[in-house]
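Trainee: Could you take a close look at the salt bridges in this model for me? I'd like to hear how the charged side chains pair up.

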Amino acid sequence: MQTCGFVLFQDPLEAVRQKCEASEHCVHAQARLEQCETRVGSRSSTDEDCTEELFDFLHARDHCVAHKLFHSVK
């Protein structure tokens, strides 16, 4: 009986995203998003959502990724 060996590769995009999420600007944006989620989640009724904070975080992360991704792609 033969077994197949699999080599798992991490998606370069995911690796760069993880590194970028640890950058100071992204950490600050993520903290603002988490504060908003906590605030909204603690209310029984609110019109507030965290769309702005989510977009700020994604923009910061994607801006960082755009500068780093193509250096790791062959």
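Mentor: Let's fix the term first: a salt bridge here is a side-chain nitrogen of Lys or Arg within 4 Å of a carboxyl oxygen of Asp or Glu. Keep in mind that this is a predicted model. The structure holds six salt bridges, and a good one to begin with is R39 with E48, whose side chains come to 2.7 Å, N to O. Both ends are partly exposed: R39 has 32% relative accessibility, and E48 has 27%.

Next, look at helix α1, residues 12-21, where E14 and R17 sit three residues apart, so about one helical turn separates them. Their side chains form a salt bridge at 3.2 Å, N to O. E14 is partly exposed at 34% relative accessible area, and R17 is partly exposed too, at 24%.

D56 and R32 make another salt bridge, at 3.3 Å, N to O. Here D56 belongs to helix α3 and R32 to helix α2 (residues 24-41), so the pair ties together parts that are 24 residues apart in sequence. D56 comes out partly exposed at 30%, as does R32 at 32%.

Now for R61, which is also in helix α3, spanning residues 51-72. R61 is buried, because its relative accessible area is 12% and the cut-off for buried is under 20%. E21, R61 and D62 are linked in a network of salt bridges, and the side chains of R61 and E21 share a polar contact of 3.3 Å. Leaving out residues up to four places away in sequence, R61 touches R17, C20, E21 and C26. That brings back R17, the partner of E14 in the helix α1 salt bridge.

Note on methods
Residues are numbered from 1 along each chain as its sequence is written. This is a predicted model: local features need pLDDT of at least 70, side-chain atom pairs count only at pLDDT 80 or more; totals for chains, interfaces and linings use all residues. Side-chain values use heavy atoms; hydrogens and water are left out. Helices (H or I, at least four residues) and strands (E, at least two) are DSSP runs, numbered from the N terminus. Buried means under 20% relative accessible area, exposed over 50%, partly exposed in between (1.4 Å probe, protein chains only). A polar contact is a pair of N or O atoms within 3.5 Å; within protein, one must be able to donate a hydrogen and the other to accept it, and residues adjacent in sequence count only if both atoms are side-chain atoms. Contact means heavy atoms within 4.5 Å.
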